[in-house]
Amino acid sequence: MTRVRLSGLDGIRGLAALYVVVNHIFLRTFPGYPHDRAPWWAGFFIYGRFAVVVFIVLSGFSLALSPARHGWRLDSVFRFAGRRARRILPAYFAALAFSLAVAWLVVAPPGEGAPDTRSVVVNGLLVQNLVRAPSPNRAFWTMAVEAQLYVALPLLLLMVRRLGGIVMVATVTLAVAAVGIAGPHNPRLHTFVIQSPPDLAALFAIGILAAGAVGASRSRKAWPWAWLALAAAAPVLLTIRWQGSVWTLTHLLWVNLALGPGVACLLVGLATGRPAPLVRLLDSRPIRSLGLSSYSVYLLHGPIVVVVYKRIVAQRYHHGPTAFLVMVALVVPATIVLARLFASVFERPFLRQRRRVPAHERRLPAT
């Protein structure tokens with residue numbers, strides 16, 4: 001396979017990861033979720049799950065680009081699994097060890113208590129979204145979901161080959177909608193929806209479908225994808241603005257599903273080089289550099305946020321805008337620097353081993 005890098009996608013990864021960091025700072029310094037108690041200029045950071053929407057759509061999109069060019073087939077399920085394992089697991093297990101050390105030796109995540117042996121086993125097996133245990137890093141739940149979506153990828157590709165991409169997305173989305181409707185009426189199902197949001201499966205499927213547009217006919221690639229993205233996302237964003245945080249955050253499954261098509265259209269536009277100014281911005285050196293270590297940013301930021309808040313900020317500023325700004329000033333640069341060092345040890349050496357894998361199949365951080 002030819003090594004290809006699609007401009008702009010690394011930048012999307014980096015900005016989404018940075019948004020997650022600021023979201024978790026927001027939750028520490030403006031308590032009261034799902035109520036938004038922040039000033040207008042910070043209020044949108046309460047919606048951290050929107051970054052997860054971007055990550056999951058982008059994950060399905062990136063992983064399906066190569067299969068879409070080869071009849072919706074993986075070169076080999078076993079080779080695919082090996083590439084995913086080499087890409088994900090070294091950094092993940094190192095971050096798990098780091099998170100456990102911080103939780104045991106410095107401070108445990110709020111509301112979780114000290115991790116125990118069960119925590120190590122559950123997180124080590126990547127089933128923390130299904131089996132309850134004190135978490136050493138509350139951001140890790142998305143890692144389990146993504147690993148499970150990787151297992152589902154061959155089946156979803158088979159559905160595209162046999163039934164078509166639209167039928168595949170419709171089938172997954174209908175199943176998700178059925179779970180979302182039934183969830184509030186079934187306590188066990190409701191718990192599952194909270195711990196392992198089923199909308200992420202539909203978003204992953206939407207990303208897979210979008211990958212087909214990149215290798216489609218020239219006329220389809222020439223569609224105004226950026227404008228389609230704006231048209232799809234604008235009504236959702238206006239509804240969020242009108243309804244407010246409490247309504248939005250208690251209807252996340254449906255809001256996330258509504259945002260998925262807009263994100264997918266934006267990715268297709270970026271992959272086909274439009275809008276050019278946005279592609280250039282996302283591919284600029286600082287943003288692309290952030291994207292190249294975005295997985296490490298995502299894995300490491302949780303313990304850093306907890307330590308900085310508990311040991312430094314809470315004792316002086318407690319809550320509010322000042323605490324938020326101080327946290328951003330301390331946590332963001334510290335996380336980026338540590339993530340770059342971490343990536344140089346636990347990510348890049350394993351990327352160099354993947355000489356035959358397209359760069360656009362590189363794993364995305366989740367959230």
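Reader: Why is Arg87 called buried?

Author: Arg87 is called buried because its relative accessibility is 6%, and the term covers values under 20% (exposed is over 50%, partly exposed lies in between, with a 1.4 Å probe and protein chains only). The structure is a predicted model, in which local features need pLDDT of at least 70 and side-chain atom pairs count only at pLDDT 80 or more, while totals for chains, interfaces and linings use all residues. Residues are numbered from 1 along each chain as its sequence is written, and side-chain values use heavy atoms, with hydrogens and water left out.

Reader: What makes the pair of Arg87 and Glu347 a salt bridge?

Author: The term requires a side-chain nitrogen of Lys or Arg within 4 Å of a carboxyl oxygen of Asp or Glu. The closest N and O atoms of Arg87 and Glu347 are 2.6 Å apart, so the pair satisfies that limit. Arg87 belongs to helix 3 (residues 77-105) and Glu347 to the loop between helix 16 (321-346) and helix 17 (348-352), so the bridge ties together parts 260 residues apart in sequence. Helices here are DSSP runs of H or I with at least four residues, strands being runs of E with at least two, and both are numbered from the N terminus. Glu347 is buried as well, at a relative accessible area of 2%. In general, side chains of opposite charge can pair when their charged atoms come close.

Reader: How many salt bridges does the whole structure contain, and which residues are joined into one network by shared partners?

Author: A search of the whole structure finds six. Among them is the bridge between Asp283 and Arg288, whose closest N and O atoms are 3.4 Å apart. Asp283 counts as buried at 19%, whereas Arg288, at 27%, is partly exposed. The network formed through shared partners joins Asp75, Arg79 and Arg83. Within it, Arg83 and Asp75 have their closest N and O atoms 3.1 Å apart. Arg83 counts as buried at 6% relative accessibility, while Asp75 is partly exposed at 34%.

Reader: How do you know that helix 15 falls short of the span of a straight helix?

Author: The expected span is 1.5 Å times one less than the number of residues. For the 20 residues of helix 15 (294-313), a straight helix would reach 28 Å, but the end C-alpha atoms are only 25 Å apart. Helix 15 also has a kink of about 45° at His301, shortly before the proline Pro303; the angle is taken between axes fitted to the seven residues ending at the site and the seven starting there.

Reader: Why is helix 15 described as largely enclosed?

Author: The description rests on 16 of the 20 residues of helix 15 being buried, so the rest of the structure largely encloses this helix.

Reader: What makes a region a pocket, as opposed to a cavity?

Author: On a 1 Å grid over the protein atoms alone, a cavity is a set of points where a 1.4 Å probe fits but cannot get out, whereas a pocket is an open set with protein on both sides within 12 Å along at least five of seven lines. Lining residues have an atom within 4 Å of a point. The second largest pocket holds about 650 Å³ of space. Its lining comprises 20 residues, and those closest to the centre are Phe50, Val54, Leu237, Val263 and Leu266.

Reader: Which helix gives the most to the lining of the second largest pocket, and how is that lining divided by class?

Author: Helix 10 gives the most, with six residues. At least two residues each come from helix 1 (9-29), helix 2 (49-69), helix 10 (225-243) and helix 12 (252-271). The lining has 19 nonpolar residues, one polar and no charged ones; Ala, Val, Leu, Ile, Met, Phe, Trp, Tyr, Cys and Pro count as nonpolar, Asp, Glu, Lys and Arg as charged, and the others, Gly among them, as polar.

Reader: What is the omega value of the cis peptide bond between Tyr33 and Pro34, and what is it between Arg274 and Pro275?

Author: Omega is about 10° for Tyr33 and Pro34 and about -5° for Arg274 and Pro275. Pro34 lies in the loop between helix 1 and helix 2, and Pro275 in the loop between helix 12 and helix 13.

Reader: Is Leu126 buried or exposed?

Author: Leu126 counts as buried, at 12% relative accessibility. Although Leu126 is not a glycine, its phi is positive, at about 60°.

Conventions: Grid points are joined across faces, edges and corners, and a volume is the space filled by probe spheres set on the points.
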